[in-house]
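Here is a short report on a two-chain model. Please keep the sequence and the structure open while reading.

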Amino acid sequence: MKHEVREEVGGFVVAFEGDVDLQTSPDARKVLLECVGRGKSVVVDLSGIGYIDSSGVASLVESFQTARKGGQNLVLASVSDGALRVLKLARLNKVFTICDSVEDGLAAIG
Amino acid sequence: MTPNMTLDPATKAHDVSAFDHLELLSEMGRDFTSSQDMAASLVKAVTHITEYVQADGGALFLLDESGENLICEACVGATEITGLTVPSDQGIVGRSVQNHSAEIIRDVQNDQNFYNKVDQETGFTTRSIICAPLRVKDERIGALELINKRSEDGLFSDEDLRLLEAMSASAGLAIHNARQAEALVEQEVLARELELAAEIQRSLLPDARDDDFPVHGVNIPARTVSGDFYDYFELEDGRICFNLGDVSGKGMNAALLMAKTASLFRCLGKTIHQPGRLMALINDEICETSTRGMFVTMIGGIFDPRSGIVRIANAGHEPALFFDHDGACTPFEAEAPPLGITTFLADGDRYPENEFNIGKGSFYIFTDGVTEGYLEDGSELQVEGLTKILMDGRDKSAAARLNDVVDVIQSSGKPIRDDTTLLCLEQKSGPLVTESVEITQKITVANVDQAIEIISLEIPSQPDRLKLVRNFVTQAAGFCDCSDDVTQDVVIAVDEALQNIIRHAYGNRPDGEIKLKLCRTNVNFIVLIQDFADTIDVTKIKPRDLNDLRPGGLGTHFIREVMDEVSFLTPPEGRGNLLKLVKRIA
C-alpha cells in the first residue's frame, strides 16, 4: 500500500493506493492519526483502494472518532464498490460522510 | 291394530275417536323424526290424511324460502300435481295461508280464487275443497288441501274440516321440527369441519420437547382456529430455527394465512439460515399472493446451542424481550414492517437482523393476546405484568413459566379476547460446546466427503501473506464459476478468519502454521481453515455490537454476515481449531 498526503485549503487529502489489510492498516492508521493530530479536517480518498478489511475499517473509525473529539471532520471520498461493501457490512456507511469525489469531500469539510 | 280400521269408510270419519286421531298424529310425528327423507315422509302424511278423511285426493303445499310461492311437495289421488308452483297469495290454498284460516269450499266453481288450470289440463272435476294452513306460532309453513269427499254428494262436512285443521297443525309442527333437525345437522357438519381445521392447525405446531431443550412454546386460540403460530426445528448442524407470528384478523381466513406462513418458514428455513433473508423471501411470497389488507407480524431466528448466539429478525412484531442472567431486560423492537405489506425493504433483500449471546439468560417472544390479556380486576396484563410473572418463575422450567402466564390470563373469568401465544428460548446449562461439535463434525465431514477439493495451501501466520491468499481464493472461486459478489464475500470471510488466527490464536507469532482447503459441492463453496494454536473457546467469540463504534472486533461479524454457514469442527489431529465456512453458489 502506498499513500499520499497533500494539504488543501480546507484540510488534508489522504489518498491510499493498494490494499488496506492486516499488513498495511497500521501504516494507514498512523498516517490518518498524524493528519488529524495536526488539527485539520481530512478527506480520505479511497479511489485507489483494491481491498480494505476490518482492520482498515477500524483505522478509519478510530481516526474519525479522534477527529470528531477535536472538533474536526473526516470524510471518505471516491469509495470503490469493494470498500463500500465492507463499510456496509459494518453499517458504517451511515456513520461516515461518503462523497463522490475529493472535491465534494473538501466542500463537505469546508 | 287400530280399532276402526275395519269400519265402513263412509262412516269412519264420523265415528272417529280421539284415540284414532292421536294415533294417526303420533304416527306422522314418528315418520318425520325417524326418516331422513322429508319428501317421503310428506307423501306418507298426505296419504294418511287423505285416506283418513276419505277424500279423492290431497296435496301439501309448502312456502318456498322467499315466501312468495307455494310449491306442491306431496300429492295423492286425483291428479298428480307435485311440483306445481302457485304464487303464495293466489288460489284457495294461498288464501288459507295468508289468512291463517282453514276453509271449506263446497262448490269451488263459484269461488273466484279457485285455480282451475289443473282441471282444464287434466279433465278432472274439482267439486269441493277443504284447506287448512300449516303453521307454527306465527310462522307460515304452507297448507294442506283435500279434494272431493268420497261420498255421494262429494261434499266435505264441518267435522272433516276440524279434523284436517287438527292434522295440519300437527303436520306443520312435524315439518318445523324436521327442518330444525336438518339445520342442526348442518351446523354440526360445519362445527366438525372447523374442528378438523383446528386439528390441522395444531399439527403445524411443534411437539413439546423435554425440559432441557432450549425452545418451548404455548398457543391458546381465542376461537376454534387461531391466527397465531410458533415453530421450532433443528438443522442438521445442530442449530435451531424458531419463529412466532401473528396474522392480522381472526377466524378462518387468518388461520389459512397462518398455515401458509408457518409452512413457508419451515420449508425455506431448512436451507436459508439467515433470518433476515428468510423473512424477506416469505414476505415476497405473501405479498405476491396475499389477500389485500392481511399481513403477518413475525419474529424469526436461529440459535446456535454451541456458541449461545441468537440471531433474529423482527417484522413488525411486538418487541421481544431478552432477560440476561441478572434479570436486566433488553427489548428487540421491530425495525421493518410486517410481512405482506411491501416488498420494498430498506435493507434491500433482507429484514434487519439483531444478534446477541444468550448466555444463561432467557429470550421471550409473544403476541399481543398476552400483553392485552385480562386480569381478574379487568385490567390488562401489559409488559410489566408479563415481566413480573416471568421473573417470579425464573427458577421454574420454561414450560412451567409459560403456563403460569396462560393461567393468569385464563383465570380472569372473562373469555380470552385474542389468540395467546408465547415462546421462550433459553439454555440454562450454558453453551454446549463439546457435545455439539462432535455431532456437527459427523455431519459436516460426511458433507465434505461429497465435496470436490479444488486446492489446498499452507501458510505461516504472517500478515503479508494475506494478499496472496486473497488472490488465491479469488482465482479458486473464479475457477468454480462463482459470481463476483460471491467471490468478494468469500474473500472477505477468509481474510477476516486468517486475521483472527494470526492476531488472536497465534497472538501475532510469525511461525504459526495455517492450512487452507477449498472445496465445492453442486451448491456450495466450502473453505476449511485449520490452525494448530490452543483451542479457542467459541462461546467467547462474540460478534461486535454494531451500535458500539469502538474499532476492532469486526471480523467475526463480517464472517457471519457474508457466509451462509460458519461452524467450528473438531480438528482431525485433536489440537488447534478447524473452521468451516460455507457460501451458497447456486
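## B:N219, a covered polar residue

B:N219 counts as buried because its relative accessibility is 17%; buried means under 20% relative accessible area, exposed over 50%, partly exposed in between (1.4 Å probe, protein chains only). This residue sits in strand β7 (residues 215-220) of chain B. Helices (H or I, at least four residues) and strands (E, at least two) are DSSP runs, numbered from the N terminus.

The side chain of B:N219 has polar contacts with two other side chains: B:T421 at 2.8 Å and B:S226 at 3.5 Å. A polar contact is a pair of N or O atoms within 3.5 Å; within protein, one must be able to donate a hydrogen and the other to accept it, and residues adjacent in sequence count only if both atoms are side-chain atoms. Setting aside neighbours within four places in sequence, B:N219 is in contact (heavy atoms within 4.5 Å) with B:L205, B:S226, B:D228, B:Y230, B:T420 and B:T421.

## Basis of the model

This is a predicted model, in which local features need pLDDT of at least 70, side-chain atom pairs count only at pLDDT 80 or more, and totals for chains, interfaces and linings use all residues. Residues are numbered from 1 along each chain as its sequence is written, chains are lettered from A and ligands numbered from 1 in the order in which they are written, and side-chain values use heavy atoms, with hydrogens and water left out.

## B:L425 and the fold of chain B

B:L425 lies in strand β16 (residues 420-426) of chain B. It counts as buried because its relative accessibility is 0%. Its C-alpha atom is 4.6 Å from that of B:V215, although the two are 210 residues apart along the chain. Beyond residues up to four places away in sequence, B:L425 touches nine residues' worth of surroundings, including B:P214, B:F242, B:F303 and B:F363.

Chain B has 15 helices and 21 strands. Of its 586 residues, 49% are buried. Among its contacts between residues at least 6 apart in sequence, 66% join residues at least 24 apart. Helix α15 (residues 555-562) of chain B is mostly covered, with eight of its eight residues buried. B:H557, B:R560 and B:E561 are among them.

## The interface of chain A and chain B

At the interface, 22 residues of chain A contact 25 residues of chain B. The buried area is about 2,000 Å², with 60% from carbon and sulfur atoms. Buried area is the accessible area (1.4 Å probe) that two parts lose on being put together, summed over both. A:L22, A:Y51 and A:L89 supply 30% of the area that chain A buries against chain B, more than any other three residues.

The interface has four salt bridges, a salt bridge being a side-chain nitrogen of Lys or Arg within 4 Å of a carboxyl oxygen of Asp or Glu. A:D19 forms a salt bridge with B:K467, with the closest N and O atoms 3.0 Å apart. Eight residue pairs are in polar contact across the interface, both residues at pLDDT 80 or more. On the chain A side, α2 (54-69) and α3 (81-89) are the elements that give two or more residues. The largest share, seven residues, comes from α2(A).

## Confidence in chain B

The mean pLDDT (the predictor's confidence in each residue, from 0 to 100) of chain B is 83, and 88% of its residues reach 70 or more. Confidence is lowest in helix α12 (residues 433-450) of chain B, at a mean of 40, and highest in strand β15 (residues 362-366) of chain B, at 95. Where pLDDT is low, the predicted coordinates should not be read in detail.
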